[in-house]
Amino acid sequence: MLPSDLLVARARGGFVYPLYSRFLDHELYIADQLIEVFRSNVGRERGKLENDVKEIESEAFKIGCDYRFARGLAHLLYRRANFTKPEVKVSPLKARLEIFTEVSRRFGGFTLSEEEKREVLNVVARRLGLSVEDLITAFRAAYEDKEILESFNEISAEELLKLYNLSLTQTLLFKALYLIADVRISGTDAKILLFNVKKLGLMYVAEKTSDGIRLYIDGPASILKQTERYGTRIAEVLPYIMAAREWKISAKVRRRGRTYKFYITNKLSYLFPKIELRRAEYDSTVEEVFHKRFQTLGSGWDVEREPEPLVAGKSIFIPDFAFVKGNLKVYLEIVGFWTRGYLERKLKKLKELKDVNMILAVNERLACSKISALGYENIIYFKDKLSAPEVYIILRKYEGVRLRPKVRRRQEEVPSIPSEVEEFLNRLRVAKLSSIVSELEKYGLSVSQIVRILEDKGFKVEWKGISLDSVIVRKTSD
Amino acid sequence: MATIELIYDRGTIVFKPTIGVEVPHFFKFDKRVNAFRALAIHYSDALDFFKKRGHKVVDHVLNLVKGDVTIVRRLRLRDYQGEALRAWLRARSRGVIVLPTGSGKTIVALAAIAHHKCPTLVVVPTLELMDQWESKVRKFFSTSLGRYGGGKKEIGFITISTYDSAYINAETLGNKFRLIVFDEVHHLPSSGYRQIAELSAAPYRLGLTATPEREDGLHVDFPYLVGEVVYRRGVRELSGRYLASFDVVTIKVKLKEEEKREYERLVKKYKAYLRKHGIRMKSIKDFESIIMRSGLDKEAREALLAWREARKIAFNASEKMRVLKEVLAKHKGDKVIIFTENTEMVRRISEELLIPEITYKTNDNERKIVLEGFRTGKFRAIVTSRVLEEGVDVPDANVAIILSGTGSRREFIQRLGRVLRPKDGRAILYELVTARTGETRVSSKRKRALGDTNASL
């Protein structure tokens, strides 16, 4: 983002658009020059760097660039620069205060001649055990232009211009009254986008469109008065929108006392840096463990980690998983910290999602209020870890199998049970599932198959958690 | 009668549609949340409205900072300060008090806090004023004190914030205080800062200023944002008895021959551009149009640079340095403040004369120590750019020297105010003006401004 006075934009016919760099030769040249100035000044004083930058700025102007263009690039480069304080023998503050105190004591507040000045510097230098030069160096070290450019985060000319284009757009949005984004977006990206919208204190309304989702973004007070208040925050949201597969942005923007429309689509995305949001990180270990467990279950359902977001009423619902089998699609949403009110609102939201199959997994440990009947069919409560087989049991319902106290295996899926297994089970009374699995794995049975066999044989499988250690298997027919 | 649940949501107040409840006009239906929403400034009005109609309000709006304030030193109010406080209390603890700089506006605000003993947000323009308020609060009260701004984000029973931070964090601060004090309240009505008032639910509001009028006329919004002007006294009514008297000495400084030639060359260049393009400089708008053209238009840019260069010469004529030394020679040991708008000049004076400098670049720690040292007399002189512009208390300074300035009415009065702090003896204000350049006009304008003030107060 740039200071507002470096925004270069044109207004025409009610529209405003930033003057983007199109990577023309002279623009690349200026960008290269500036980068070189920063590179070559590493280890030198800031004042020297600033002078060199100013020279490039006036050179840019001479070859027909807007001076705000060069200054904008320089602004972005300064942000990639690290400055350190110069080395001194005594802290600048100490040196300065000693000098000022001495001047007031000796000469009533100021030195009016070279002799007086030398006298003060000599006295203070001697007192601090320094040479006069070292004292003067320390005195001046308080000035910003004496800082040393320690390092500079390299960037190519083209990338710098792309970054500049993004910053120009954000700077234009500083004065945005609201923003409308049409996006085709993955669930994870939508989650990151909406998380940031909320974190910044903005509000959104979502709408389903023929080819994606439309988001209206503004702030709480926006319905009461047209305000630029949320502009800087809307600008911060921009990269998250641009990370979508496809995007269209329109905004109402104030400029010099008038209101303009701004419109841009991903057709111009080649002008901007490629935005990669941090992804593939699970929101919580619960989800990660569940995902791994479900995949090893051999259930025949495919799991998607990034299902597309769903529009529920005016807001967006982003499930954690989608399970796909043929034409069937079932979503799973894991609820972490919750209160009864939160859960009720969530369920209300779910009811607005017609024709959508949804399982809700609620973490009991993170409950802030007591659980009681909430009247939602597909709800699983869990502690610490979500049981993959339990979810599978619900999924089977969608396969057309009615859920019974015991899950009835379907004919074609019946694993043939080796006689050794039968014997083992006949002896079994109570055991941890983990030990049963380690015993039976060698017969080529998956965990879910083992569970089904156990239930068929009249064992009660108590799910205390997903860890096989915490699943207790008990013979009930005895 | 109906029950209404009123909640606070990030600078606004919200209630759900309720059968049998008429909706006040300042609420609007927000379909994003299916509820009525209003700016938090209408909180008191909303309560009045519902109560008058006999509704029960379940009020979740204020979430006040917990704590207490104890008075550790008695606040002695001068007559007019007491009158001002009573006028404000009569107006249901809302309104603006207008008093000249140096007359102790802060004490009136402290008395208001002492009266209500409620969580209070104080909004000030500069970090220096934050420091100053902090030391005043600590002097009279024992309480938890928070600083909000300049890198700090602490909330206390009494919280002091800059306008900038209060604007940015208006949603967070909006329901935590019952009283909000706007120091130098003439800043408030601008399109950004006003939101501090609009997004706040605080029922008690106090504005302080010496100069309520704004050139853009927005001071008409005081009644809505803070309250009516409830008390007003001018310099003339208080001078002599409460305010130190002062002399203004204008010294015209001639340009050196080569500076003068260069100055005239630059002015000619600038004026030629104006003539060629038929631009008449009537207002700041005309000037802005040149700046806008200067983006790509070489001529415009050169004209602009010529103007800046000429201004620099006029403001920083090398002769001024010599004259400054002459003036200073007469005031060794006095408490002297030197003002100049140009930070390069500040640095030059500081380095050459070894005077502590205060600019927006001065580090926090050094600024505090220097100002405190100046107060106690450890440092006898300081040189500063615009950071001390408003209301900063520099007691006992008896000499001020202005080396440059833009000659606006408010700025001049406020700056004068700094040497007007009640003290023994007289205060002198020197103006060093470049002769036969634009600057002489600035100087006479200043005097007129002063005349105006005296006449109108």
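**Exercise 1.** Which residues are exposed on the other side of helix 1 of chain B? Work out how the two sides of this helix are arranged in the predicted model.

*Solution.*
1. Start with the buried residues of helix 1 (residues 43–52) of chain B: B:Tyr43, B:Ala46 and B:Phe50.
2. These residues cover an arc of only 60° around the axis, so they lie on the same side of helix 1 of chain B.
3. On the other side of this helix, B:Asp48, B:Lys51 and B:Lys52 are exposed.
4. The cover over the buried residues includes strand 1 (3–9), strand 2 (12–15), strand 4 (35–39) and strand 5 (56–60) of chain B.
5. After helix 1 of chain B comes B:Gly54, with a positive phi near 80°.

**Exercise 2.** Describe how helix 4 and helix 6 of chain A meet.

*Solution.*
1. The axes of helix 4 (residues 92–107) and helix 6 (residues 132–140) of chain A come within 7 Å and cross at roughly 105°.
2. Angles of 65 to 115 degrees count as roughly perpendicular, and the two helices are therefore roughly perpendicular to each other.
3. Helix 4 of chain A contributes A:Pro92, A:Ala95, A:Arg96 and A:Ile99 to the contact, and helix 6 of chain A contributes A:Leu135, A:Ala138 and A:Phe139.
4. Sorted by class, this contact has six nonpolar, no polar and one charged residues.

**Exercise 3.** Describe the packing of helix 2 against helix 3 in chain A.

*Solution.*
1. Helix 2 (residues 46–62) and helix 3 (residues 67–78) of chain A pack at about 150°, their axes 8 Å apart.
2. The crossing of helix 2 of chain A with helix 3 of chain A is right-handed.
3. Their contact includes A:Val53 and A:Ile56 from helix 2 of chain A, and A:Tyr67 and A:Phe69 from helix 3 of chain A.
4. By class, the contact has eight nonpolar, no polar and two charged residues.

Methods
Residues numbered from 1 in each chain as written. Chains lettered and ligands numbered in written order. Predicted model: local features only at pLDDT ≥ 70, side-chain atom pairs only at ≥ 80, totals over all residues. Axes fitted to C-alpha atoms, helices over the stretch in contact; angles between N-to-C directions. Helix = DSSP H or I, 4+ residues; strand = E, 2+ residues; numbered from the N terminus. Parallel < 35°, antiparallel > 145°, perpendicular 65-115°, else oblique. Contact = placed C-beta atoms within 7 Å. Nonpolar A, V, L, I, M, F, W, Y, C, P; charged D, E, K, R; others polar. Left-handed = near helix turned anticlockwise from the far one by under 90°. Buried ≥ 20, exposed ≤ 12 C-beta atoms within 10 Å, placed from the backbone. Arc of directions from axis to C-beta.
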